[in-house]
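Trainee: I'm new to this one. Could you pick a single part, look at it closely with me, and then show me what lies around it?

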Amino acid sequence: GITPYDAAHMGHIFTFLTYDLLQRRLEDEGLEVKLVRNVTDVDEPIFARAAETHEDYRQLAARETERLQAVLRRLYFRQPYAEPLASQYIEPMAQAAGQLLDRGIAYKLDDDVYFDTSQWPTFGQFSGFDQRLRDNFLSDRGGDPQRSGKRQPADFLLWKGVSDPKDTAAWQTPLGRGRPGWHIECSVMSAQLLGTPIDIHGGGIDLIFPHHECEIAQSEALGQQPFSRHWLHVAPL
């Protein structure tokens, strides 16, 4: 799916085209396909762009989502089985983060909740990247390896506490007022709509680490093993 903070570009269309063709091929082989394409309408890049343009983040996300969908319709892409919005699944996302906290696989840092990668020995095996490369990707792809108080640099955010009353991208949950981290959103939406294991999980190659690595760790830590039977990653255009 997309994080709708700006207009979709040819790289997005190329990625979606790959999965559209895959769906058509599988159906030609007589298989039933349920393709889920999520919309990450709760994510930090959206909030940052909305602040720059002085508009409500929900209006920004809705507009850019509709612009993409209009393009996909004009290109005759197949309609997905489901196209969930992250904002529709806040409660189960908070519940998943709470379960990991209760099981000792996550910990609180101030009002935030982090996944403790030291409690998951296979973390890093999916990507196979060396430590230096992983550290670089963590900094470049939405991580915060330098944050003080974290147990491990690779520990990733499950839940972000929000105390600022002016920050409207927050929901009241048993974890407190806040919003989910990016990785837990995708695990929860896919589990809610498809169950586990998924047959094929896809995305761009830039998602191999940390996003897909984190998805595997948190989903399997929640008892969803294996999370996905097969993985498919599309190279950039």
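Mentor: Sure, let's start with His212. With a relative accessible area of just 1%, His212 is buried, because anything under 20% counts as buried. Keep in mind that this is a predicted model. His212 sits in helix H7, which covers residues 208-221. If you skip its neighbours within four places in sequence, His212 is in contact with Phe126, His201, Gly202, Gly203, Leu207, Trp231 and His233.

Now zoom out to the helix itself. Of the 14 residues of H7, 14 are buried, so the helix is largely enclosed by the rest of the structure. Its length works out too: at 1.5 Å a residue, H7 should span 20 Å, and its end C-alpha atoms are 18 Å apart, which agrees. After H7 comes Gly223, with a positive phi near 95 degrees.

What does H7 connect? The chain crosses from strand S6 through H7 to strand S7, and this β-α-β crossover is right-handed. S6 takes in residues 198-204 and S7 residues 228-234, and the two pair in the parallel sense over 6 bridges. To find your place in that pairing, look for Ile198, which stands opposite Ser228 in S7. Going back to our histidine, its contacts include His201, Gly202 and Gly203 as well as Trp231 and His233. The first three of these fall within the 198-204 range of S6, the last two within the 228-234 range of S7.

For another kind of pairing, turn to the open sheet of 5 strands, ordered S1-S2-S3-S5-S4 and paired antiparallel. Strands S1 (106-109) and S4 (171-173) stand at its edges; each has a single partner strand, so one side of each is left without a neighbour in the sheet. Neighbouring strands here are turned by 40 degrees against each other on average, direction ignored. S1 is joined to S2 (residues 112-115) by 4 bridges, and the two run antiparallel. Ala106 is a handy marker, since you'll find it opposite Phe115 in S2.

One more helix is worth a look: H4, residues 90-102. The same sort of length check gives an expected 18 Å for its 13 residues, and the end C-alpha atoms are 18 Å apart, which agrees. Among the buried residues of H4 are Ile90, Pro92, Met93 and Leu100. Just after H4, Gly104 has a positive phi of about 80 degrees.

Technical notes. Residues numbered from 1 in each chain as written. Predicted model: local features only at pLDDT ≥ 70, side-chain atom pairs only at ≥ 80, totals over all residues. Heavy atoms only, no water. Buried < 20%, exposed > 50% of the residue type's maximum accessible area, 1.4 Å probe, protein only. Contact = heavy atoms within 4.5 Å. Pairing = 2+ DSSP bridges. Axes fitted to C-alpha atoms, helices over the stretch in contact; angles between N-to-C directions. Right-handed = clockwise from strand over helix to strand, strands pointing away. Expected span 1.5 Å × (residues − 1).
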